[in-house]
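Visitor: Could you take me closely through the aromatic rings of this model, and then through the part of the chain that leads up to them?

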Amino acid sequence: MSDFFTGESSPGMIDWTTMPTYNTIMSLAAGAGLLALVLFVRDLLRPHAEDPVSTDGWALTFGSLGVILTLTGLHMSLTWPLASGGFAFDNVIFGETSLGFGVLMSALAIYLWKRGETVAESPAPLVTVARAARPLSIFIAGLGLALIAIMAAGIVYQLFAAPPQEPISGAFAEWPIVEAIFMSALFGLIGVGAVLAPFAISAFARTQRGQATHQAAAVRVPLVAKIVGWLWLISGLVFVLFGAMNFYTHIGLIVNTM
């Protein structure tokens, strides 16, 4: 049981000066970003007659998370820091997906910062945002397909397995398929949600402004939007918890192998 929480000690196994690893903060920010998107849509759906949506607050939220993911994702995508340790594929899996998600959140933050007053004063703020976001559907769906491809690669090649030197996750090192299925399924859930997201955006964008009032019930939530919301809510929560846990497990891995 002690090895479960401490991992195996293998001093000198990894030269961390040549392999900077920061998918801990990336995982945390990505999970928080997915949760924020779901809560943002719910905020836009609620009645705003006496309590307008705080576009400044959401701009700060998406801007902060977008900066983290854009900078770390860009650095990982361009420099491939994990290649020296034999994990070149992780630069693609974590770096490029984080970069894409970070840029999208940064774009949303800039939009809300520049057009926040228009959104807040709209009788149907979700319709306004959906119509602005509709052209991005191509890239959103593309990222979704990429995540589904990552899911397939993760299962076929049994990626994501932690070494026995890593606490908690390393306890399953003898069965690499366990973490391969767990992480691959997580990427797959997000990917399916991203592929379906353009249909949800289009459904909201087609809502006639005259049919929408300050009453949240006036904007009908299509089934596809509910599915996307639940997929991203569940996967976002898991990513936040898993990322937070990795701050412990990755520190343990570094201590055991440096």
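Guide: Both Phe 160 and Phe 187 are buried, where buried stands for under 20% relative accessible area, exposed for over 50% and partly exposed for what lies in between, with a 1.4 Å probe and protein chains only. The model is a predicted one, in which local features need pLDDT of at least 70 and side-chain atom pairs count only at pLDDT 80 or more, while totals for chains, interfaces and linings use all residues. Residues are numbered from 1 along each chain as its sequence is written, and side-chain values use heavy atoms, with hydrogens and water left out.

Searching the whole structure gives ten aromatic pairs, a pair being two rings of Phe, Tyr or Trp (its six-membered ring) with centres within 6.5 Å, called stacked if the planes are under 30 degrees apart, edge-to-face if over 60 and tilted for the rest. Among them is the stacked pair of Trp 58 and Phe 62, with 5.8 Å from centre to centre and 25 degrees between the planes. Both residues belong to helix H3 (residues 55–79) and are four residues apart, about one turn of the helix; helices here are DSSP runs of H or I with at least four residues, numbered from the N terminus. Trp 58 is buried at a relative accessible area of 14%, and Phe 62 is buried at 0%.

Phe 160 and Phe 187 also form a stacked pair, with centres 5.8 Å apart and planes at 20 degrees. This pair joins distant parts of the chain, since Phe 160 sits in the loop between H6 and H7 and Phe 187 in helix H7, 27 residues apart. Through ring pairs, Phe 160 and Phe 187 are linked with Phe 94 and Phe 239 into a cluster.

As for what leads up to that loop, helix H6 (residues 137–156) has 20 residues and spans 29 Å from first to last C-alpha, close to the 28 Å expected at 1.5 Å a residue, a figure taken for one less than the number of residues. Its buried residues are Ser 137, Ile 140, Ala 141, Leu 143, Gly 144, Leu 147, Ile 150 and Gly 154. They lie on the same side of H6 because they cover an arc of only 170 degrees around the axis, judged from the directions from the helix axis to the C-beta atoms. These buried residues pack against helix H4 (88–121), helix H5 (125–133) and helix H7 (176–205), contact being heavy atoms within 4.5 Å. The face of H6 turned away from the buried side carries the exposed residues Ile 138, Leu 145 and Val 156. After H6 comes Gln 158, with a positive phi near 50 degrees.

Methods. Helices (H or I, at least four residues) and strands (E, at least two) are DSSP runs, numbered from the N terminus.
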